[in-house]
Amino acid sequence: MLASRLKLLLPRMSWLRGCSTTAVGQQQQRQVPTEFAVHDPLQAHALKEQCILVDANDQAIGAASKADCHRVHPETNDVKLHRAFSVFLFNSQGEMLVQKRSSHKITFPNTYTNACCSHPLYEIEQERQESNALGIRVAAQRRLNYELGIPTEELQPQDFRYLTRIHYADTGDGVWGEHEIDYILFLQKDVTLRPNSNEVSEVRYLRRDKIDEAVAKFSAPLTPWFSLILQHRLKLWWDNLHQLEQFEDLSNIQRF
């Protein structure tokens, strides 16, 4: 079923290839608000992208800009709940790719995290599709191409294994934070990497038996979502890369 739906979508997806943040954003030539002028221009431009707002049960309830979805309310410390995804990418030897977010990033700059963490966008119709997490998979393909330079032909949406969803919140630096229903996607495949320096300052593969030692030696902290997943689930999943179906939980949302 997923493969047949993807076949219908492929002609409509072709315009995404080679885009920077979103083709929609480029076509509309949105102006960057003056308040974001202190930030890197590309990162500031991306703040205008529209995330999908959800309730605690992951029901879509609207859209808001990436800026609005990541602002920490100065009085309540609340952050708008929105939909996101985290990709965990492994090579054929079972090593896991981690990246260090660039200093240009507005949220959690200079932190280590999993291969790719981002959002499906409301303005991209395909990324709003919910059946079989199709929109999430399409968004993951787009962002892996943008952040890590992985050619879109090397990864297809059906290649991602969707394991579960995680609900977490973190107020970050008190100005920019996160509050997400985070879809966990696993992928094991050897890929071509050409990291985008505006997004990523470092990439490396880690061995399972060296993960704790490697993390202890990192020169910067982990992102909050990566830290939570590493603490609660990642090692078990990593130990079972070839039998992950037993850990699929598509009905429940894990609350950390």
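The expected span of a helix is 1.5 Å times one less than its number of residues. Keep that rule in your pocket and try it on helix 5 in this predicted model. Helix 5 has 15 residues, so at 1.5 Å a residue it should span 21 Å, and its end C-alpha atoms are indeed 21 Å apart, which agrees. Now look at what surrounds helix 5: 15 of its 15 residues are buried, so you'll find it mostly covered. Just after helix 5 comes G149, with a positive phi near 70°.

Let's zoom out for a moment. The protein has seven helices and 10 strands. Its 256 residues include 54% that count as buried. What about contacts between residues with a separation of 6 or more? Residues 24 or more positions apart account for 70% of those contacts. On the outside, the protein exposes about 11600 Å², and carbon and sulfur atoms supply 46% of that.

Next, follow the chain to the start of the strands. Strand 1 (50-54) and strand 2 (60-65) have a loop between them. The two strands run antiparallel and are joined by five bridges; for example, C51 has A64 in strand 2 as its bridge partner. Strand 1 is mostly covered, with four of its five residues buried. Together the two strands form a hairpin with five residues between them, and that is where D58 takes a positive phi near 65°. This is a positive value in a residue other than glycine. Is D58 buried or exposed? D58 counts as buried, because its relative accessibility is 4% and the cut-off for buried is under 20%.

Strand 4 is a good place to stop and look around. Six of the six residues of strand 4 (residues 96-101) are buried, so this strand is largely enclosed by the rest of the structure. Check both faces: M96, V98 and K100 sit on one side, L97, Q99 and R101 sit on the other, and all are buried. Strand 4 also has partners. Six bridges join it to strand 9 (residues 200-206), and the two run antiparallel; there, R101 stands opposite V200. Another three bridges join strand 4 to strand 5 (residues 112-114), again in an antiparallel arrangement. In that pairing, V98 has N114 as its bridge partner.

From strand 4 we can step into the protein's interior. In soluble globular proteins, nonpolar side chains tend to be buried together. Here, the largest nonpolar core has 27 residues, and F88, M96, F186, F226, L234 and W238 touch the most other members. Several elements supply at least two residues each to this core: strand 3 (82-90), strand 4, strand 7 (161-170), strand 8 (178-188), helix 6 (211-216) and helix 7 (224-238). Helix 7 gives the most, with seven residues. If you pick out M96, you'll see that, beyond residues up to four places away in sequence, its contacts include F88, F226, L234 and W238. Another core, of 26 residues, lies apart from this one, and F85, L148, L185 and V191 are among its members.

Now for strand 6 and what follows. S118 belongs to strand 6 (residues 116-118). With a relative accessible area of 5%, S118 is buried. Which residues does S118 contact, leaving aside its neighbours within four places in sequence? They are A84, F85, R143 and E147. With R143 there is something extra: the side chains of S118 and R143 make a polar contact at 3.2 Å.

After strand 6, a loop leads on to helix 5 (134-148), and N132 is found in this loop. N132 has a positive phi, near 55°, in a residue other than glycine. Its relative accessible area is 38%, so N132 is partly exposed. I124 lies in the loop between strand 6 and helix 5 too, but I124 is buried, with a relative accessible area of 0%. Finally, find I124 and A139: they are 15 residues apart along the chain, and their C-alpha atoms are separated by 9.0 Å. That brings us back to helix 5, where we began, with 15 of its 15 residues buried.

Note on methods
Residues are numbered from 1 along each chain as its sequence is written. This is a predicted model: local features need pLDDT of at least 70, side-chain atom pairs count only at pLDDT 80 or more; totals for chains, interfaces and linings use all residues. Side-chain values use heavy atoms; hydrogens and water are left out. Buried means under 20% relative accessible area, exposed over 50%, partly exposed in between (1.4 Å probe, protein chains only). A polar contact is a pair of N or O atoms within 3.5 Å; within protein, one must be able to donate a hydrogen and the other to accept it, and residues adjacent in sequence count only if both atoms are side-chain atoms. Contact means heavy atoms within 4.5 Å. Accessible areas come from the Shrake-Rupley method with a 1.4 Å probe; for residues, only the protein chains shown count as cover. Two strands pair if DSSP finds at least two bridges between them. A nonpolar core is a set of buried Ala, Val, Leu, Ile, Met, Phe, Trp, Tyr and Cys residues joined through side-chain atoms within 4.5 Å.
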